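Let's take a look at the salt bridges in a protein model. Here is the structure to keep beside you as you read.

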Amino acid sequence: MIVFGFAAATLVAALSYAPPASAQELNEPPRTNAGAASARSITAPSGRDRDPVSDLANAYEFVSPARMRGSIGGADDDDGEQGGDPLDSDPLSAETDGAASTSESTGESEALQPVDGLTPSDGRIELGESEAWNEGADLGRDTRPPEDLDVFNTPPAGHDPLLFQIEDIDPAETDRRPARFARIEPYDPVGIRIGSFVLFPEAELGGLYTSNVLSTPRARSDIAGELRTEARLVSNWNVHAVELRGTTFSTYHDDYPSEDDRAWSVEARGRLDISRRTNFQGLVGRSVSQEDRTAVDANVTGERAQVRSDEARLAFNHRFNRLAVELRGSVSDTTYALPHDGESLADRDTLETHQAVRASWELKPTLAVFAEGELNQRDKKAAPADGIRRDSDGVRTRVGLDFGSTGAILRGQASVGYGRQTPRDGRLASVEAFLFDANLAWRPSEITSLMLTASSDIYDTTTEESGGVVSHKVGIEARHAFRRHLIGSAGLSYTHYDFHRTPIEESVVTAFVGAEYYASPELVLFARYQHLSFASNDVNGDYETDEVRVGVRVRR
């Protein structure tokens, strides 16, 4: 009875674990396992030696060539011949058949699961017929989507969190992208989304100590509180662009309220895209500020003049493949006033118009050469004390290099040129000058940047017998990230004024060091020390000033 029970249990177990027969196995003749047996003794080739056509089949089980030959010869020859030509048969079918026979010989109870998650049908994988090669296809055709082509045909400004989109009104004066590129900040402003616009608010509160508040040879120190605010509302559209910007700056001195600032400005920019290669860009704005003591013709003592400026600019830009052309014009009305003293400064009030044309040739997306010519007309409202009106006409010509706004290391432009301003009154001689202008940002590494700025022009003056003042200013600023949240900065600038046909020359040297600590994306702590040295060949004209600023900046 014990032997009989053991035999019955063995029979039940064998029937329970026997693999079910597939429909294909029921319809096909028996296959020999000679090929499968020999295949187990052969090492599989590496992935680089596989046939790419059979990759999908190999996802279930790799079949060696010897195994394929055994399967084909043992089962698929209808005429009974062994060892037929493998090229005349279906390799994929042979691999599948070989895999099935191996499963039968090893007694596996479950079908092999594919590594790619596909479910086989009766052990076979159906592959559609490969598409026939189109003999007339254009091998040189670019298959990228149109949006990718646009990126490379007209490179964007890289990562631009502040959405500076209207910067080509006057590239030398209105382009803010190089300065932004040189900032090196651990956090980018995110703004506040308002529909299809983004609002970038910022406020700065600080304290100031100055050793020479009146900027005179006899120094007098003072302390002051400072408040600076700025808000930008920028569109975030696929085409066209609009920007509204407002700023305020106020200072509150303890001992000398005559040096208080009450400055503000409003500005609106717009870009109208006619096509991908053509657009109009414009700017209108008004600003009110108090004149700096170091400015040309500024009051050395007494009340500082209030300066109000209204301006409008318009530029037309069009690109002919590598050639880009810009036509631009502007008009500005600047007035000077002494609200408390009641003294008239009409002889300094100026209505100025500009017309310019600029052509640039792109050598590559990050390098172009350009040349431009500019005309200007200046009309004064009154004559100064010498009775000679300072109305004049001028011309400026420049050639330079434009490094674009997409480079990873260098952005901005630099130019050299010639300028001439001719007074309309023949009693004053023309003023000529060499021009050097720059607005360049260089990032030699991810944590270090250098900013080079330069400007040259011929300004009007009420100084007797002088037709104008030649001004040259150049400055360099370095920024470095000592830690991710700690940014250090240092800079040096030099300005020179040459009063034409007079012995008067003045120069200003400014040096500073500073640090910014980014406590969070919204909160920045800063400190800055600045030394200013003013030199003049006029009597008692030299003085020096030291300033220390500390404060906090809040932004979004």
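What follows is a short tour of some charged pairs and how buried their residues are.

Keep in mind that this is a predicted model. It holds 51 salt bridges, and three of the pairs are set out here:

| Acidic residue | Basic residue | Closest N and O atoms |
|---|---|---|
| Glu185 | Arg555 | 3.0 Å |
| Asp386 | Arg390 | 2.9 Å |
| Asp457 | Arg396 | 2.9 Å |

Start with Glu185 and Arg555, which form a salt bridge. Glu185 sits in the loop between α9 (177–181) and β1 (192–194), while Arg555 belongs to strand β19 (residues 543–555), so this pair ties together parts that are 370 residues apart in sequence. Are these two partners buried or exposed? Glu185 has a relative accessible area of 17%, so it counts as buried. Arg555 is buried too, at 8%.

Next up is the bridge between Asp386 and Arg390. Here Asp386 is partly exposed, with a relative accessible area of 25%, whereas Arg390 is buried at 4%.

Then there's Asp457, paired with Arg396. This one also links distant parts of the chain: Asp457 is in strand β14 (residues 448–459) and Arg396 is in strand β11 (residues 392–402), 61 residues apart. Arg396 is buried, with a relative accessible area of 2%.

Finally, salt bridges can share partners. That's how one network comes to include Asp170, Glu173, Glu311, Arg313, Glu326, Arg328, Arg358, Glu372, Glu374, Arg398, Asp402 and Asp437.

Notes: Residues numbered from 1 in each chain as written. Predicted model: local features only at pLDDT ≥ 70, side-chain atom pairs only at ≥ 80, totals over all residues. Heavy atoms only, no water. Salt bridge = Lys/Arg side-chain N within 4 Å of Asp/Glu carboxyl O. Helix = DSSP H or I, 4+ residues; strand = E, 2+ residues; numbered from the N terminus. Buried < 20%, exposed > 50% of the residue type's maximum accessible area, 1.4 Å probe, protein only.
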